[in-house]
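Here is a friendly walk through two helices, some aromatic rings and a few cysteines. Please keep the structure open while you read.

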Amino acid sequence: MLRAGIVGLPNVGKSTLFNALVANAKATAANFPFCTIEPNVGVVAVPDQRLNVLSNISDSAQIVPTRIEFVDIAGLVKGASQGEGLGNQFLSHIREVDAIVQVVRCFENDDIIHVAGSVDPLRDIDIINLELILADLAQIEKKIERTRKQARTSKEAQLELGALEKLAAVLNQGKPTRQCSLSEEEAEVVKGLGLMTNKPIIYAANVSEDELAGGNKYVEQVRELASKENAKVVVVSAQVESELVELPESERADFLASLGVEEGGLKSLIRATYELLGLRTYFTSGPKETRAWTILAGMLAPQAAGVIHSDFERGFIRAETVAYKDLVATGSMNAAKEKGLVRSEGKEYLVQEGDVLLFRFNV
């Protein structure tokens, strides 16, 4: 399951956003630093209207969406890499996620205290990113000391040492390790370090309800910075998300439309995370259930089958596949077959976004 860690300075709206995204979560949202100590975890279904359409076509008994896990990590402060604000404990939680959602305060409100005394998203981002860089650098420097001794007699250790020294050089320049050029072999040997600055980042620009549709100078500053880092920016309003949770599903679209936007923060965050991590969705659909499956872009049919069960990959014979839009256009699998839109694909088939698949395999 994909895990996204929600990080940021204290009082930027992390827990409020988390509570809204994970409607039944019990995270505390309060106007004082360090109200979150242990990370709050919530698993949410990934919204996808295609599931409902396929379920109707197949007359499925149930719908099973794919899921994403959000981890609300306590607010970091300057000096976290040296243990300030219980920083070391909080940083360890970040190493365990697949992507980082950095919530950045982009709204003015005198009633909500900012830990630095003023609203400045670029300063806030710099504080968080620097702490992640310093923490990664400390970890790598310790690893270099141990690996240097092993490198005298081990070629594998020599490869690792070279990779570590490259990473340290980039970090010493104040840059994240995701900007470091490593060979495939080098990247593999340091993969287990779980470097925080190697994780993809989405900046969640938290704005007021009135500015969700645009026109916020702080958001533009964040966008400019993100474009240089090849990061994603999602504009959210923790305030709006909190209000959405209280509304019936049927009224949410109208409420968002009244604010000049088409979708809420959950859909925006999930889409940005999928794009950033290079993820794709395919479907299986039948009378029993219609289900969404998450795979990496570039996966071949046997690998995609293995996401369901390892036996499917080992015994893969072929995949009967039809594009989502073709199945919807024809109205049924039989009609799609009659029009020649259902194909039999082998082991070299590259699974596409929205494919509806039926795997044939030997046990």
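A residue is called buried when its relative accessible area is under 20%, exposed when it is over 50%, and partly exposed in between, using a 1.4 Å probe and protein chains only. Please note that this is a predicted model, in which local features need pLDDT of at least 70 and side-chain atom pairs count only at pLDDT 80 or more, while totals for chains, interfaces and linings use all residues. Residues are numbered from 1 along each chain as its sequence is written, and side-chain values use heavy atoms, with hydrogens and water left out.

**Cysteines**

Cys106 counts as buried because its relative accessibility is 0%. Cys180 is buried too, with a relative accessible area of 14%. How many disulfides does a search of the whole structure find? The search gives 0 disulfides, where a disulfide is a pair of cysteine sulfur atoms within 2.5 Å.

**Helix α7**

Helices (H or I, at least four residues) and strands (E, at least two) are DSSP runs numbered from the N terminus. Helix α7 covers residues 217-229, and its 13 residues reach 19 Å from the first C-alpha to the last, close to the 18 Å expected at 1.5 Å a residue. That expected span is 1.5 Å times one less than the number of residues.

The buried residues of α7 are Tyr218, Val219, Val222, Ala226 and Glu229. They lie on the same side of α7 because they cover an arc of only 95 degrees around the axis; the arc is that of the directions from the helix axis to the C-beta atoms. Lys217, Ser227 and Lys228 are exposed on the other side of α7. Through its buried residues, α7 packs against β5 (99-105), α4 (121-150), β6 (201-206) and β7 (232-236), with contact meaning heavy atoms within 4.5 Å.

At the N-terminal end, α7 is capped by Asn216, which has a side-chain oxygen 2.7 Å from the backbone nitrogen of Tyr218.

**Helix α2**

In helix α2 (residues 49-58), Arg50, Leu51, Leu54 and Ser55 are the buried residues. They line one face of the helix, because they fall within an arc of 135 degrees when seen down the axis of α2. Gln49 and Asn56 are exposed on the other side of α2. The partners of the buried residues of α2 are β3 (62-64), β8, β9 (289-296), α13 (324-330) and β12.

**Residues after the helices**

Most residues other than glycine have a negative phi. The table shows a residue with positive phi after each of these two helices.

| Residue | Phi | Loop | Relative accessibility |
|---|---|---|---|
| Asp59 | near 55 degrees | between α2 and β3 | 63%, exposed |
| Asn230 | about 60 degrees | between α7 and β7 | 69%, exposed |

**Aromatic rings**

Rings of Phe, Tyr and Trp (its six-membered ring) pair if their centres lie within 6.5 Å; planes under 30 degrees apart count as stacked, over 60 as edge-to-face and the rest as tilted. By this rule there are 4 aromatic pairs. Tyr282 and Phe359 form an edge-to-face pair, because their ring centres are 6.0 Å apart and their planes stand at 85 degrees. This pair links distant parts of the chain, with Tyr282 in strand β8 (residues 279-285) and Phe359 in strand β12 (residues 355-361), 77 residues apart.

Are these two rings on buried or exposed residues? Tyr282 is buried at 0% relative accessibility, and Phe359 is buried at 9%. Together with Phe316, Tyr282 and Phe359 form one aromatic cluster.

Definitions and conventions
Polar contact = N/O pair within 3.5 Å; in protein donor to acceptor, adjacent residues only side chain to side chain.
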